[in-house]
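Reader: I have some questions about the terms used for this model. Please set each value against its definition.

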Amino acid sequence: MAAERDGAPKQQTAKALTGLRDLVLKGEVLHGERLSEVALAARLKVSRTPLRAALQKLEQEGLVVMIPSGGYAVRSFSRQDVIDAIELRGVLEGTAARLAAERGVPPVKLKAILDVVASLDRVVEPGPGAMDFGLYEMLNERFHRQLAALSGSEVLSREIERITGLPFASPNAFVNTEADVPAFQRTLVIAQTQHKAIISAIGLREGARAEALAREHARLARQNLDFVMEEQPDLRGKVLALALMSS
């Protein structure tokens, strides 16, 4: 009984966090908008105590900010903020790849990420028209999580997790729109080639090459961002990752 009572508040906080993050990332709460605890608690069907805990967590993740009048507001990001976050992800993942190559990776861990790469190959092989984008998204997230872990650095893995918690810095930032945008579809093929090259460099203990490849890999997101903002701005509303970006 005590365990059940202890677990209930955690479940409520998890429910509040999941629901609130979903509202923010889908743009259902506008950036700069003050978040009403009463309205949100009713909408998410949780009490205000777990809601406050969820708001504090989202502040740590950088998705909301405290405002002078009290409470929180959804944070807005400039285009330069988005570019900087993507660049930082590249720096961190590049460092992870270099450390993995320099320190060496146990064969079992190298095989595990090679298995993910092989699975991605099978997803990409049929071409954009027949590709399972949901499966690609899941495998791509697994690849990047395992890449961070190959560094052997918990500190670095935590920092990568933190920066990729920002939707526009996630490796999957543009994947959910790939099916409708030929320019994005082409980047998936390039990305998969880069996945292979990164792991090859790590296996060959080529630290500088692994780092450079991982940093270049992250810049695919920058290319997609520039395409949306400069060539097809009408696509912006379809890219959920850009919901927090101000004009």
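Reader: What makes α4 the main contributor to the lining of the second largest cavity?

Author: The model is a predicted one. In it, α4 gives the most to that lining, with 4 residues. The lining consists of Ile-86, Glu-87, Gly-90, Val-91, Arg-215, Ala-218 and Arg-219, and both α4 and α9 supply at least two of its residues.

Reader: Why is this space called a cavity, and how is its volume of about 30 Å³ placed in the search?

Author: The word cavity is used because a 1.4 Å probe fits at its points but cannot get out. The search of the whole structure finds 2 cavities of 30 Å³ or more, and the second largest has a volume of about 30 Å³.

Reader: What makes the lining of that cavity 3 nonpolar, 1 polar and 3 charged?

Author: Gly counts as polar, while Asp, Glu, Lys and Arg count as charged. The lining includes Gly-90, and also Glu-87, Arg-215 and Arg-219. The division is therefore 3 nonpolar, 1 polar and 3 charged residues.

Reader: Which residues lie nearest the centre of the largest cavity, and which element gives the largest share of its lining?

Author: Pro-171, Ala-191, Leu-220, Ala-221 and Asn-224 lie nearest the centre, out of 19 lining residues. The largest share, 5 residues, comes from α9. Elements with two or more residues in this lining are α6, α8 and α9 (207-231). The volume of the largest cavity is about 190 Å³, and its lining divides into 10 nonpolar, 7 polar and 2 charged residues.

Reader: Why is Gln-194 called buried?

Author: Buried means under 20% relative accessible area. Gln-194 has a relative accessible area of 12%, so it is buried. Its place is in helix α8 (residues 182-203).

Reader: What does Gln-194 touch, leaving out residues up to four places away in sequence?

Author: Gln-194 touches Glu-216, His-217 and Leu-220. A contact here means heavy atoms within 4.5 Å. Across the 247 residues of the protein, 45% count as buried.

Reader: How do you know that the largest pocket lies between the domains?

Author: Domain 1 (8-74) and domain 2 (79-241) both give residues to its lining, so the largest pocket lies between them. The space in this pocket is about 890 Å³. Among its 31 lining residues, the closest to its centre are Glu-161, Thr-164, Gly-165, Leu-166 and Ser-170. The largest share of the lining, 7 residues, comes from α7. By class, the lining has 10 nonpolar, 8 polar and 13 charged residues.

Reader: Where does the second largest pocket lie, and what lines it?

Author: Domain 1 (8-74) and domain 2 (79-241) both contribute lining residues, so the second largest pocket also lies between them. Its lining includes Gln-60, Arg-75, Phe-77, Asp-81 and Leu-166. The largest share, 3 residues, comes from α4. The volume of this pocket is about 150 Å³.

Reader: Why is the protein called as compact as a globular protein of its length?

Author: The globule rule gives 18 Å for 247 residues, and the radius of gyration is 20 Å, which is close to that value, so the protein is as compact as a globular protein of that length. Along its principal axes the C-alpha trace spans about 55 × 50 × 35 Å. The protein has 9 helices and 3 strands.

Terms used. Residues are numbered from 1 along each chain as its sequence is written. This is a predicted model: local features need pLDDT of at least 70, side-chain atom pairs count only at pLDDT 80 or more; totals for chains, interfaces and linings use all residues. Side-chain values use heavy atoms; hydrogens and water are left out. On a 1 Å grid over the protein atoms alone, a cavity is a set of points where a 1.4 Å probe fits but cannot get out, and a pocket is an open set with protein on both sides within 12 Å along at least five of seven lines; lining residues have an atom within 4 Å of a point. Grid points are joined across faces, edges and corners, and a volume is the space filled by probe spheres set on the points. Domain bounds come from an automatic or database domain assignment. The radius of gyration is taken over C-alpha atoms; the globule rule is 2.2 Å times the number of residues to the power 0.38. Buried means under 20% relative accessible area, exposed over 50%, partly exposed in between (1.4 Å probe, protein chains only).
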